[in-house]
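The following paragraphs go through a structure, beginning with the confidence of its elements. Please keep the sequence and the coordinates in view while reading.

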Amino acid sequence: MAARRDREARFTSLMHHITPERLRSAYQAINPKATAGVDGMTWDAYGQDLDTRIQDLHDRVQRGGYRVSPSRRAYIPKADGSTRPLGVSTLEDKIVQRALAEVLNAIYEVDFLGFSYGFRPGRNPHQALDAVTVAIESRKVNWVLDADIRGFFDALDHDRLEALIGHRIGDPRVLRLIHKMLIAGVMEEGEWRESDRGSPQGASLSPLLANIYLHYTLDVWAHAWRQSEARGEVYLVRFADDFLVCFQYKDDAQRFQTTLARRLAEFSLELHTTKTRLIEFGRFAAKNRQDRGEGKPETFDFLGFTHMCSRTREGKFAVRRKSMRKRMAAKLRSIREQLMLIRHAPIRAQGHWLRSVVQGWFNYHAVPWNSTTLKRFRDAVCRAWLRALRRRGQKHRLTWSRFARQCKPYLPAPRILHPWPAARFAMRLTQGRSPVR
């Protein structure tokens, strides 16, 4: 592959890779139930004359006549009570972005470093979580920098981003297409608003653009810093704009944090001062803090889990992970609201819906050490379901014992679904591709 043979090469002819077949494949990969953009075009409606539409779209993209529509601004609630803005693209924009991302990924997957896990083919959040746990449990880690970039997706500098893309991409038609996507703007309350910086979350191309920006801004720089400036061991794990840095020595961590702030400022980014913390965490943290009379080690949150210093039954140090309390509370709140809306639906329909929701939660959160939280989540769902069913009528009160028998066939029993981090991490190493380099 050309990108692997020459890591300094610039690709000056890429647009021909966006073929009708690739566009059609991108269309098929889109969720048919996805929300429509500002043009109102749905997946089903577009597919009624798919071949003609795809050919017309391909012709417009190739001759430079394709026009990017503004995103429709939507807001989704976060666990802390605030909202996150999302950009809902039109269906054709999603198709083109997916096809373009597939072409660019073939180049940038060669460049991206091993400690970058977010939105990359063959990588997922649990691999990033495994890397963090294995580093802390098996390496010389005594301090963890829990870093947060303030409003990352809203702060991306377009000029900087296009310049960084230009290191590898020299096709002017591809660069123009990316430029059109960046400046398309958003529609909010019926008004068009200019977007002179940022990349809307929810857009198909945004994760790749974010990885490119942080690859040059953070990853390459941090890798060079730990090789030339660090006195001890340093390990970095990044998933999109969420990242942790583990250190052997506190002075390394302090110098890195200070230098990191200056580095990010050069690219119009800044650390969130109240969310970025340097904490003592590792096999000696509990004893060191006890000797100083400071209590238990602090915890940190990463990718939906709270990480805590713990011990196995044999007394060996271990990192215990449990589902973040805020995330679980927000999920239960949304389930309660939906149950009240569908409480008059048939029991079987409600049960099938709840089974998919609970199983989806388990699929992500059923990690070792987290079984107690899984049981609490299932019990809370059962209570919420019972409360909703009792609101169906006033004459007959459904008892808990009767309801528990009714609930059992629908809601899956809590059980651990993921292997221990060290086992899965070791398996990836033996497959010939190191997840950290």
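Among the elements of the protein chain, strand 6 (residues 234-239) has the highest mean pLDDT, 98, and helix 1 (residues 2-5) the lowest, 67. Here pLDDT is the predictor's confidence in each residue, from 0 to 100; helices (H or I, at least four residues) and strands (E, at least two) are DSSP runs numbered from the N terminus. This is a predicted model, in which local features need pLDDT of at least 70 and side-chain atom pairs count only at pLDDT 80 or more, while totals for chains, interfaces and linings use all residues. Residues are numbered from 1 along each chain as its sequence is written, and side-chain values use heavy atoms, with hydrogens and water left out.

The protein chain averages a pLDDT of 91, and 95% of the residues score at least 70. Over residues 432-437, pLDDT stays under 50, and the model has 26 contacts (heavy atoms within 4.5 Å) for them beyond four places in sequence. Where pLDDT is low, the predicted coordinates should not be read in detail.

Helix packing comes next. The axes of helix 4 (residues 50-63) and helix 5 (residues 91-111) come within 12 Å and cross at roughly 65°; axes are lines fitted to C-alpha atoms, for helices over the stretch in contact, with angles from 0 to 180 degrees between N-to-C directions. Leu57, Arg60 and Val61 of helix 4 make the contact with Glu92, Ile95 and Val96 of helix 5. The residues of this contact divide into 4 nonpolar, no polar and 2 charged, where Ala, Val, Leu, Ile, Met, Phe, Trp, Tyr, Cys and Pro count as nonpolar, Asp, Glu, Lys and Arg as charged, and the others, Gly among them, as polar.
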